[in-house]
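Let's walk through this structure together, starting with the whole chain and then stopping at a few of its residues. Keep the model open beside you as you read.

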Amino acid sequence: MADFVIVGILIILIIIGIRSGAKHLKGEGGCCGGGSSVKMKRKKLKQVVKQRTVMIEGMTCEHCKSRVESRLNALDGVSARVNLKKKTAVVSMEKDVADEVIQKAIENAGYEVVNFV
């Protein structure tokens, strides 16, 4: 009888693990400490003078997206919108900010800059 209870518990845990893994692979789960309901407040700029799109690798969930956005938005004169599905960040600037500064902010968040478009 105890064997059936243990097997039942293991089946339930496996089902939960598979569902969680599927959400993670779709970018919907909280893989690195955050949940899927993380919302970032948009940073508004007075006047956009330059805009760059950055290709980013390593983001897998909404928490990853939030980390990148918050690091970029912390830069003076920069506002960013990250698209998790496309693995890109559109970076708007009200003054010229060097690509190296943007890249360093993303890499300090734990992600890899692939390319600037």
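**The chain as a whole**

Among contacts in the protein chain between residues at least 6 apart in sequence, 71% join residues at least 24 apart; contact here means heavy atoms within 4.5 Å. This is a predicted model, in which local features need pLDDT of at least 70 and side-chain atom pairs count only at pLDDT 80 or more, while totals for chains, interfaces and linings use all residues. Residues are numbered from 1 along each chain as its sequence is written, and side-chain values use heavy atoms, with hydrogens and water left out.

The protein chain has three helices and four strands, and along the sequence they come in the pattern α-β-α-β-β-α-β. Helices (H or I, at least four residues) and strands (E, at least two) are DSSP runs, numbered from the N terminus. Of the 117 residues in the protein chain, 32% count as buried. Buried means under 20% relative accessible area, exposed means over 50%, and partly exposed is in between, with a 1.4 Å probe and protein chains only.

**Helix H3 and its two sides**

A good place to look next is helix H3, residues 99-108, where Ile102, Ala105 and Ile106 are buried. Why do they lie on the same side of H3? They cover an arc of only 95 degrees around the axis, so they share one side of H3; the arc is that of the directions from the helix axis to the C-beta atoms. An α-helix has 3.6 residues a turn, so residues three or four places apart point the same way.

Now turn the helix around: the face of H3 turned away from its buried side carries the exposed residues Glu100 and Lys104. What covers the buried residues of H3? The cover includes strand S1 (50-57), helix H2 (62-73), strand S3 (88-93) and strand S4 (112-116). After H3 comes Gly110, whose phi is positive, near 105 degrees.

**How H2 meets H3**

H2 and H3 pack at an angle of about 140 degrees, with their axes 9 Å apart. Axes are lines fitted to C-alpha atoms, for helices over the stretch in contact, and angles run from 0 to 180 degrees between N-to-C directions. H2 and H3 are therefore oblique to each other, since angles under 35 degrees count as roughly parallel, over 145 as roughly antiparallel, 65 to 115 as roughly perpendicular and the rest as oblique.

On the H2 side, the contact is made by Val68, Arg71 and Leu72, and on the H3 side by Ile102, Ala105, Ile106 and Asn108. The residues of this contact divide into five nonpolar, one polar and one charged. In that count, Ala, Val, Leu, Ile, Met, Phe, Trp, Tyr, Cys and Pro are nonpolar, Asp, Glu, Lys and Arg are charged, and the others, Gly among them, are polar.

Leu75 also touches H3, from the loop between H2 and S2. Leaving aside its neighbours within four places in sequence, Leu75 is in contact with Lys43, Val101, Ile102 and Ala105. Is Leu75 buried or exposed? Leu75 is buried, with a relative accessible area of 18%. Its C-alpha atom and that of Val101, 26 residues apart along the chain, are separated by 8.6 Å.

**Along strand S3**

Just before S3, in the loop that joins strand S2 (78-83) to S3, sits Lys87. Phi of Lys87 is near 60 degrees, a positive value in a residue other than glycine. Most residues other than glycine have a negative phi. At 30% relative accessibility, Lys87 counts as partly exposed.

Thr88 lies in strand S3 and is buried, with a relative accessible area of 11%. Beyond its neighbours within four places in sequence, Thr88 is in contact with Thr53, Val54, Met55, Met59, Arg81, Val82 and Asn83.

Ser92 is in strand S3 too, and at 12% relative accessibility Ser92 counts as buried. The C-alpha atoms of Ser92 and Val78 are separated by 5.8 Å, although the two are 14 residues apart along the chain.
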